[in-house]
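User: I am new to this structure. Please pick out one part and take a close look at how its pieces fit together.

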Amino acid sequence: MNSTPLFSRPARLLPLAAVLLLSSCEKELDTYYSEVGPQFPTFSTNALGTATKYATGEVVPFELRFAPQTDPIKEIRIYQKIEPGRDSTLVTTIPYKASFSRIRQADTLVVNYVVPAGANKANVKVDALLVSTNGQIKGRNFSFRLAEATPIIRLNAPTNVTLPTGASPAPGDVVRFPVVINEGGINTASSFTATGILYKDIDSLITYVKVGTAAERRFARQRVPVAGAQSGAATTVNVDAALPAGSAGQPVVFRFEAKSRFLSVPPSTRSATVTAVAFTPVAATPLAAARTATLSYTGTTGGDLAAFDLTTFAPVAAASPIATKDVAITSTAGNAVRLQALNTTKFVRVATGGAAAYTNATLNSIRQTYQATAAASQVAQLDNVLVGDVIIARLRGLDQYAIFTVTGLNRTSTTDVTVTLAIKAL
């Protein structure tokens, strides 16, 4: 019989030992990585309410995106807690229905949450809870403060824009109505006890007008404010309203309506209105027939006939006080004629529609045009005047106006020129 070498026996036992060792390691790994207990459902990105304030009764839609884990979803519960209360209350329970969205890559649910009643500025917390059939719950929440939906509005005393104080307006004259919105109101609140009433943002201000027995009509709509972030805080909006054409001798009534947006289905607004005291515009004041003025510039300094007094309709000698020189030729250099006021008179050159403005001119219409022109365009000097130019003059800083057009421009030498004006005034 052949004997077996001693060193060969361990070699036959090693594979068995290795198997036992590996089996033991595998068992331990399996135990270490096994799941213990049911799993929580999963929320993905959610489109929750993002505003800092909502009003009672508003319908706030928000979207939940979620997925089950080891067990399916049983239901979705919506809770709310209203300050100063400390307990949450169940708003609704929504049984789960499969609604997988390929775009969202998740189940989706749009909740139309109705904002509850509560004290102004009270904080409201909304919780959305996913409940699995295994009893595990996952939640998401957002919060906001309760704001007053309906604005308040009142008027301060109106003032004339295109008229001196106390003058009676005519059609086309501009009356300024200071509209006070949400007096004492605030736009945000950091606490339940903050001073002031928290209002929804003002969306717009609508102006209506009624002339005589005619039906009321919308006159203007303006965003509040014209640009930038909208707010519910107290603000005063100056509404400059030109009195309607043809309203002379008839009562004119302006009404103002402030609106705030209200989330509902369909979307709606909440509004407050105030009506101004009626007033009756007077007829426009006509101007006298056109009169001709001739300005003659001679030599290098202008001569005695280069200036004109628009209050007396007379030429002004060179040696006369400059206070009387409402319009003068002061330069003919470069083949361009310059008209200039040497006193405090200012001019506005009518850029468009000048011929019609001159033909139909009244005291009211030229005063309105002048006052509506930016201050930077109310000037004492007009360069390079041409035949056909129409110019409005406010004489010496007073409530006294004239309108004239350049009807002739005749050069007799390189320096000498004659300018003819047709002037309308009272």
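Analyst: Two strands count as paired when DSSP finds at least two bridges between them. Keep in mind that this is a predicted model.

Begin with an open sheet. Five strands make it up, in the order β22-β21-β23-β24-β26, and their pairing is antiparallel. The edges belong to β22 (314-316) and β26 (381-382). Each has a single partner strand, so one side of each is left without a neighbour in the sheet. Further in, β21 (residues 307-309) pairs with β23 (residues 327-331). Two bridges hold that antiparallel pair. One match to look for is A307, whose bridge partner in β23 is A328.

In general, strands of a sheet pair through backbone hydrogen bonds, in either a parallel or an antiparallel sense.

Now the close look: strand β28. This strand covers residues 401-411. Its pairing with β27 (residues 390-394) is antiparallel and runs over five bridges. There, A393 has A402 of β28 as its bridge partner. The two strands form a hairpin, with six residues between them. Find R396 in that turn: its phi is positive, about 60 degrees.

β28 also pairs with β29, which spans residues 417-425. Here the count is nine bridges, again in the antiparallel sense. Opposite T405 stands A422 of β29. A hairpin makes this connection too, and five residues join β28 to β29.

Next, pick out one residue of β28: V406. Is V406 buried or exposed? The cut-off for buried is under 20% relative accessible area. V406 has 1% relative accessibility, so V406 counts as buried. Which residues does V406 touch, beyond those within four places in sequence? One group is L386, V387, G388 and D389. The others are V419, T420 and L421. V390 is worth finding as well. V390 and V406 are 16 residues apart along the chain, yet their C-alpha atoms are separated by 6.8 Å.

Finally, turn to the largest pocket. About 150 Å³ of space lies in it. Its lining consists of K53, K200, D201, D203, Q230, R261 and L263. Five of these lining residues are charged, one is polar and one is nonpolar.

To retrace the close look, start at β27, pass through the hairpin with R396 in its turn, and follow β28 past V406. Then take the five-residue hairpin connection into β29.

Conventions
Residues are numbered from 1 along each chain as its sequence is written. This is a predicted model: local features need pLDDT of at least 70, side-chain atom pairs count only at pLDDT 80 or more; totals for chains, interfaces and linings use all residues. Side-chain values use heavy atoms; hydrogens and water are left out. Helices (H or I, at least four residues) and strands (E, at least two) are DSSP runs, numbered from the N terminus. On a 1 Å grid over the protein atoms alone, a cavity is a set of points where a 1.4 Å probe fits but cannot get out, and a pocket is an open set with protein on both sides within 12 Å along at least five of seven lines; lining residues have an atom within 4 Å of a point. Grid points are joined across faces, edges and corners, and a volume is the space filled by probe spheres set on the points. Ala, Val, Leu, Ile, Met, Phe, Trp, Tyr, Cys and Pro count as nonpolar, Asp, Glu, Lys and Arg as charged, and the others, Gly among them, as polar. Buried means under 20% relative accessible area, exposed over 50%, partly exposed in between (1.4 Å probe, protein chains only). Contact means heavy atoms within 4.5 Å.
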